[in-house]
Amino acid sequence: MLVAHILNEKGRDVVSIRPEATLQDAAAVLTRHRIGALIVRGEAGALMGIISERDIVRAIAELGQAGLALPVSTRMTANVAVCDESGTIAEIMETMTRFRFRHLPVVRDGKVCGIISIGDVVKSRIYETIREAEALKEYIATA
Ligand code: AMP
């Protein structure tokens, strides 16, 4: 299965935040959308980074409540790993496992056109496994 198939299924909405917003703002947006990471976009919508719930938890662990007043830009990861729609799920799983993160923005023509989370990957693997089992059962029944 390809990244494009997952995006066709789940949609291409990408929730983003500005770098000058606070971690408190970011936590509110994450909660409202029930997601684990946000794309950080600058003035013209350019990809500047990614901030995940882990970054917010770390800031709170280090600074307590004061951590929530920090700007997103101070805690985001600026060097964002991305993939494109022609990537396979196996490739994405490898990238997420190797670099230990759970979100991968999808880029087309230099612009973010979707985001894949580890939850999407697990869902697609379960779907594929069920489909394979059904195909095998059918094969055995008709053999
Ligand atoms: P996550 O597991 O996605 O919640 O993120 C764990 C850490 O990796 C956080 O510090 C994120 O800012 C960072 N991170 C998440 N996704 C990416 C990505 N695609 N590229 C680079 N860093 C990322």
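**Close-ups of a predicted model**

**View 1. R100 is exposed, with a relative accessible area of 71%.** Here "exposed" means over 50% relative accessible area, "buried" means under 20%, and "partly exposed" is in between (1.4 Å probe, protein chains only). This is a predicted model, where local features need pLDDT of at least 70 and side-chain atom pairs count only at pLDDT 80 or more, while totals for chains, interfaces and linings use all residues. Residues are numbered from 1 along each chain as its sequence is written, and side-chain values use heavy atoms, with hydrogens and water left out. R100 sits in the loop between α4 (89-99) and β4; helices (H or I, at least four residues) and strands (E, at least two) are DSSP runs, numbered from the N terminus. Its phi is positive, about 60 degrees, even though R100 isn't a glycine. Most residues other than glycine have a negative phi.

**View 2. R34 is another non-glycine residue with a positive phi, near 55 degrees.** Look for R34 in the loop between α2 (23-33) and β2 (37-41). With a relative accessible area of 79%, R34 is exposed.

**View 3. What surrounds the ligand?** There are 14 residues around it, and S52, D55, T77, R102 and H103 come nearest (being near takes a heavy atom within 4 Å). β3 (47-52), α3 (53-63) and β4 (103-108) each supply at least two residues of this shell. The shell divides into six nonpolar, four polar and four charged residues; Ala, Val, Leu, Ile, Met, Phe, Trp, Tyr, Cys and Pro count as nonpolar, Asp, Glu, Lys and Arg as charged, and the others, Gly among them, as polar.

**View 4. T77, H103 and A81 each place an atom by the ligand.** A polar side-chain atom of T77 lies 2.7 Å from a ligand oxygen, and H103 also has a polar side-chain atom 2.7 Å from an oxygen of the ligand. A81 uses a backbone N or O atom, 2.9 Å from a ligand nitrogen. Taken alone, the ligand exposes 480 Å², and the protein buries 93% of that (Shrake-Rupley method, 1.4 Å probe).

**View 5. F99 and F101 make up the one aromatic pair in the structure.** Their rings are stacked, 6.0 Å centre to centre with 10 degrees between the planes; rings pair if their centres lie within 6.5 Å, and planes under 30 degrees apart count as stacked. F99 is partly exposed at 47% relative accessibility, and F101 is partly exposed at 26%.

**View 6. Is D120 of helix α5 (residues 118-142) buried or exposed?** D120 is buried, with a relative accessible area of 14%. Its side chain reaches the backbone nitrogen of S117 at 2.9 Å. D120 also touches I6, K10 and I115 (heavy atoms within 4.5 Å), not counting residues up to four places away in sequence.

Notes: A polar contact is a pair of N or O atoms within 3.5 Å; within protein, one must be able to donate a hydrogen and the other to accept it, and residues adjacent in sequence count only if both atoms are side-chain atoms. Rings of Phe, Tyr and Trp (its six-membered ring) pair if their centres lie within 6.5 Å; planes under 30 degrees apart count as stacked, over 60 as edge-to-face and the rest as tilted.
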